[in-house]
Amino acid sequence: MKFKYLGQSCFLIHFGGKVILTDPALSANPIANIELIKDINPDYILLSHAHGDHVADLEDVMKRSDATLISTYELVSYYGEKGFKGHPMNTGGKWNFDFGTVKVVSAVHSSVLPDGTYGSNPVGFVVWNEDSCFYFAGDTALTMDMQLIPLMCPALDVALLPIGDNFTMGYEDAAIAAEFIECDAIIGCHYDSFPYIEIDHKAAEAVFASKGKKLLLPSIGEEVEF
Ligand code: NI
Ligand code: MN
């Protein structure tokens with residue numbers, strides 16, 4: 001599986017022969033390269049919650065692709081009313097797609113659409129097939145529920161965790177999360193996009209290293225393979 005970091009919580013993921021995009025919102029991200037999303041044609045979009053820094057480009061991408069939206073019942077219904085196709089899920093549920101299994105896990109955060117519509121509870125996703133398993137946490141605090149992930153899902157190869165603090169857990173808590181989920185390789189996200197979430201990269205890497213974990217901070221547009 002391959003992860004291309006597009007900034008904030010947006011990743012382009014090649015998994016199980018399909019292309020999966022997470023939380024597309026490059027136009028809401030001052031440090032993103034908007035060109036990177038223009039040619040993207042995902043098969044699926046995983047949407048963690050409805051804040052603007054996660055949904056800003058969702059409708060544009062859906063309009064010019066044949067992507068299926070995987071998110072909560074409320075958000076799939078909201079975009080369904082606009083004519084977009086989706087697969088509704090909710091926390092605790094899993095479903096077998098043609099690329100693998102998706103399990104929806106809890107996230108502690110808030111969620112409202114940019115137009116004020118209720119945005120459902122925020123969620124994270126664990127995605128796996130016979131070869132690989134990753135966790136996309138969305139926006140979340142450190143939560144004891146993360147300890148359930150190793151009990152419910154195959155061993156994680158990599159986790160995409162927010163590390164920017166202020167709106168989500170910071171890197172110190174994310175390093176504890178890496179222990180809770182029993183995952184040694186973390187790709188950091190949700191940092192540096194705005195002044196509130198700027199972080200010291202070296203300090204973040206050191207906290208993970210002190211726990212025997214590897215924090216990867218790919219630059220925008222960079223691809224990481226597992
Ligand atoms: Ni958020
Ligand atoms: Mn966010």
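These questions and answers cover the metal sites and salt bridges of a predicted model.

Visitor: Which residues are the protein donors of the manganese ion (ligand 2)?
Guide: The donor atoms lie 2.1 to 2.2 Å from the manganese ion (ligand 2). In sequence the donor residues follow the spacing D-H-x84-D-x50-H. They are Asp-53 (OD), His-54 (NE2), Asp-139 (OD) and His-190 (NE2).

Visitor: Which residues are the protein donors of the nickel ion (ligand 1)?
Guide: Here the spacing along the chain is H-x1-H-x57-H-x29-D. The donor atoms lie 2.2 to 2.4 Å from the nickel ion (ligand 1). The residues are His-49 (NE2), His-51 (ND1), His-109 (NE2) and Asp-139 (OD).

Visitor: Which residue bridges the manganese ion (ligand 2) and the nickel ion (ligand 1)?
Guide: Among the donors of the manganese ion (ligand 2) is Asp-139, and Asp-139 is also listed for the nickel ion (ligand 1). The two ions lie 3.0 Å apart. The bridging residue is Asp-139.

Visitor: How many residues apart are Asp-139 and His-190, and which parts of the chain do they link?
Guide: Both are donors of the manganese ion (ligand 2). Asp-139 sits in the loop between strand S10 (133-136) and helix H4 (149-152), while His-190 sits in the loop between strand S12 (185-189) and helix H6 (201-210). These are distant parts of the chain, and the separation is 51 residues.

Visitor: What is the geometry of the site of the nickel ion (ligand 1)?
Guide: The angles among its 4 donor atoms run from 87 to 178 degrees. A tetrahedral site needs all angles between 85 and 135 degrees, so the upper value of 178 degrees rules that out. The site is classed as irregular.

Visitor: How many residues apart are His-51 and Asp-139?
Guide: His-51 lies in the loop between strand S4 (44-46) and helix H1 (52-55). Asp-139 is in the loop between S10 and H4. The pair links distant parts of the chain, with a separation of 88 residues.

Visitor: Are His-51 and Asp-139 buried or exposed?
Guide: Buried means under 20% relative accessible area. His-51 has 19% and therefore falls under that cut-off. Asp-139 has 1% relative accessibility, so it too counts as buried.

Visitor: What is the N to O distance in the salt bridge of Lys-85 and Asp-66?
Guide: This pair meets through its side chains. Lys-85 lies in the loop between helix H3 (73-81) and strand S6 (86-89) and Asp-66 in the loop between helix H2 (58-64) and strand S5 (68-72), so the bridge ties together parts 19 residues apart in sequence. Lys-85 is partly exposed at 40% relative accessibility, and Asp-66 is exposed at 58%. The N to O distance is 3.4 Å.

Visitor: Which residue forms a salt bridge with Lys-211?
Guide: The closest N and O atoms of this pair are 3.5 Å apart. Lys-211 lies in the loop between H6 and strand S13 (214-216) and its partner in helix H5 (residues 171-180), so parts 32 residues apart in sequence are tied together. Lys-211 is partly exposed at 31% relative accessibility, and the partner at 39%. That partner is Glu-179.

Visitor: Which residue forms a salt bridge with Asp-184?
Guide: The closest N and O atoms are 3.0 Å apart. Asp-184 lies in the loop between H5 and S12 and its partner in the loop between H6 and S13, so the pair ties together parts 29 residues apart in sequence. The partner is buried, with a relative accessible area of 12%. It is Lys-213.

How values were computed
Residues are numbered from 1 along each chain as its sequence is written. Chains are lettered from A and ligands numbered from 1 in the order in which they are written. This is a predicted model: local features need pLDDT of at least 70, side-chain atom pairs count only at pLDDT 80 or more; totals for chains, interfaces and linings use all residues. Side-chain values use heavy atoms; hydrogens and water are left out. Donors are N, O and S atoms within 2.8 Å of the metal (3.2 Å for Na, K and Ca); water is not among the atoms, so sites may look incomplete. Helices (H or I, at least four residues) and strands (E, at least two) are DSSP runs, numbered from the N terminus. Four donors count as tetrahedral if all angles lie between 85 and 135 degrees; four count as square planar and six as octahedral if opposite donors are over 155 degrees apart and all others between 65 and 115; anything else is irregular. Buried means under 20% relative accessible area, exposed over 50%, partly exposed in between (1.4 Å probe, protein chains only). A salt bridge is a side-chain nitrogen of Lys or Arg within 4 Å of a carboxyl oxygen of Asp or Glu.
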